[in-house]
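Welcome! Have a look at the model below, then work through the exercises at your own pace.

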Amino acid sequence: MTTTAEPVTTERPPTRQRYRPTELETVPAVNALLERLGLGRLDAAAVTAFGGRNDNWAGPTTTGEQVFVKTVALTPDGDCPELQRALSFEELAELRLPPGSPLRSPALLGADRAAGVTVHRLVPGARSGAELALDGDFDDELCRAAGRAVGALHGLGPAEDVDTGAAPLPPLAWLKALPWSAVQERSMAQIAAWQLVQDDTEVVAALHRLRDLEKTVPHAPTHCDLRFDQFIRAEDGAGDLYLCDWEEFRLADPARDVGAFAGEWLFHATYSVFAPTGEGTPQREGDTAGFGLSHQEIVARGSASLRRHLPRISAFWQGYLESRTPDAGLPERAAAYAGWHMFDRLIATAESHATLNPVARAAAGIGRTVLLGPAAAARTLGLTLAGDTHASDDTSTARNGSTPR
C-alpha cells in the first residue's frame, strides 16, 4: 500500500493588526454623517479598527459601501485643527496633483468639521506599511514607490490655507521637564525614556539646533507624522501604495519626512532581530527584547540587521530624487530627524511597559549617534546628492589623494 504525504507548508498568514472598534452608539456623529452622504450606516457586526490614537471604523455600510471612518479630537472651543489640516491636504492635492501622480491617498467621501469626522473609501484588502515591514514585504520596490510619493508631496509647492505653524515634535519644553499632566498619562518606561533625552545635554542641544535650523530652510507641504502605518497597500501586495493620515500636514522642513522614513527603518532594524518578524534573526528562548543577551550580542545583531535594511532607505531616497530635487542641506537635516525619530518611537512603544528593555536602550544609543553626527550618518544611510565629495570613497580618494575617512 502506497501513501502520499501532504506537503508541509511553513508560510505564515499575512500580518493584519486589527482591533475592536469603539461602540458606534457612543459616537452618533459617525452614522449621522454616513447617512447624510447617502452611504447608509456602518454594519456594527462587521466593522473593525486599525491602530492609532484616534477612534476609527473600517468595513461595510448597510448600502454595501466599504468605508474607513475616523474621528479626531475637538479643542475646548469646538475647533478642530487636525481635521482642518487634513482637509487642506485634500484641497491642495485636488488642485495640484496631476493624473498618474505617484502620490495617492484614499478617496475622501465626506467630512463633518463640527464633529471631527471624516469618511474615506476603504482601500480593498488594505495592509499597512507596518504590517508589510513585519512580514518582510516592504521591499526595495515599495520603498522606492514611497520615496516617489513623498517627493511628489514636497513638490506640490506652498499654498494658501495650509498650516504654517511649527510642527509639535520634538517638543522643546519637554526637553527640560515633562509637565505634570504628561507624567500622569505616561508609563514608567516612557518617563525613563524621556529622562534619557533630558539628561543628555548634547542631545538636548542638538534638538534645539535642529528646531532653530528649520526656521531658516525652504519649507514645503510636509506630512509631519510619517510612519510605516501611514502607508497602506491594496489587494494583498498587488495594488498601489497609498499615503494617508494627514492630521499633521503643514508647510515645514521636508527633511522631517525623509528623516522619519529613514528612522522607521533604523528602528525596525533594531527591533526586528529580537522579535518574530519575517526578516529577523532566529531567536534563542528568552532573548526577546534583548533580555538575556550581552551588550556585545545586542550590538552585533543590531549592526547585522542595519546592514540588511540600509538598501530600503537607499531605495526610498532614489525614488524621492526621481520626484524632486532637494536643497543641498536636506540629507544632513534628514539624518538628524532620523536620530530624533528613534527617540520618538522608543518613547511611543514604551507605553505599556514598566521599564526600558535593553533593545530600547540600544535604539536610544543609535538615535544619539545619528543625531549628533548627521553628516556622517547621512552618508551611511545613503542620503547623498550628486556631487557629494563623500558619497564615494573612490571619488574622495581620486580627488584629494588621501585615505578616505
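## Getting started

The protein chain holds 13 helices and nine strands, where helices (H or I, at least four residues) and strands (E, at least two) are DSSP runs, numbered from the N terminus. This is a predicted model, in which local features need pLDDT of at least 70 and side-chain atom pairs count only at pLDDT 80 or more, while totals for chains, interfaces and linings use all residues. Residues are numbered from 1 along each chain as its sequence is written, and side-chain values use heavy atoms, with hydrogens and water left out.

## Exercise 1: the sheet

Find the order of the four strands in the open sheet, and say which strands stand at its edges.

Step 1. Two strands pair if DSSP finds at least two bridges between them. The order is β1-β2-β4-β3, with antiparallel pairing.

Step 2. β1 (56-60) and β3 (108-112) each have a single partner strand, so they stand at the edges and one side of each lacks a neighbour in the sheet. From one strand to the next, the twist averages 15 degrees.

## Exercise 2: bridges around β2

Trace the partners of β2 on both sides.

Step 1. Start with β1, which is joined to antiparallel β2 (residues 66-71) by five bridges. W57 has V69 as its bridge partner in β2, and G59 has V67.

Step 2. Look at the link: β1 and β2 form a hairpin with five residues between them, and G64 in the turn has a positive phi of about 95 degrees.

Step 3. Turn to β4, which pairs with β2 over five bridges in the antiparallel sense. Here F68 has H120 as its bridge partner.

Step 4. Check the cover: five of the six residues of β2 are buried, buried meaning under 20% relative accessible area, exposed over 50%, and partly exposed in between (1.4 Å probe, protein chains only).

## Exercise 3: helices on the sheet

Which strands do α1 and α2 meet?

Step 1. Helix α1 (residues 28-36) lies across β1, β2, β3 and β4 (117-121), at about 55 degrees to β4. Axes are lines fitted to C-alpha atoms, for helices over the stretch in contact, and angles run from 0 to 180 degrees between N-to-C directions.

Step 2. Helix α2 (residues 81-96) packs on the sheet and touches β3 and β4, and its direction makes about 150 degrees with that of β3. Contact means heavy atoms within 4.5 Å.

## Exercise 4: the cores

Which residues touch the most other members of the largest nonpolar core?

Step 1. A nonpolar core is a set of buried Ala, Val, Leu, Ile, Met, Phe, Trp, Tyr and Cys residues joined through side-chain atoms within 4.5 Å. Among the 73 residues of the largest one, F138, F231, F261 and L346 touch the most other members.

Step 2. Helix α10 (residues 330-349) supplies the largest share of this core, 11 residues. Another core of 13 residues lies apart from it, including L24, V27, L39 and V117.

Step 3. Leaving out residues up to four places away in sequence, the contacts of F138 include C143, F228, F231 and W265.

## Exercise 5: cysteines

Is C143 buried or exposed?

Step 1. C143 has 0% relative accessibility, so this residue counts as buried. C244 is also buried, at 13%.

Step 2. Searching the whole structure for disulfides (pairs of cysteine sulfur atoms within 2.5 Å) gives zero.
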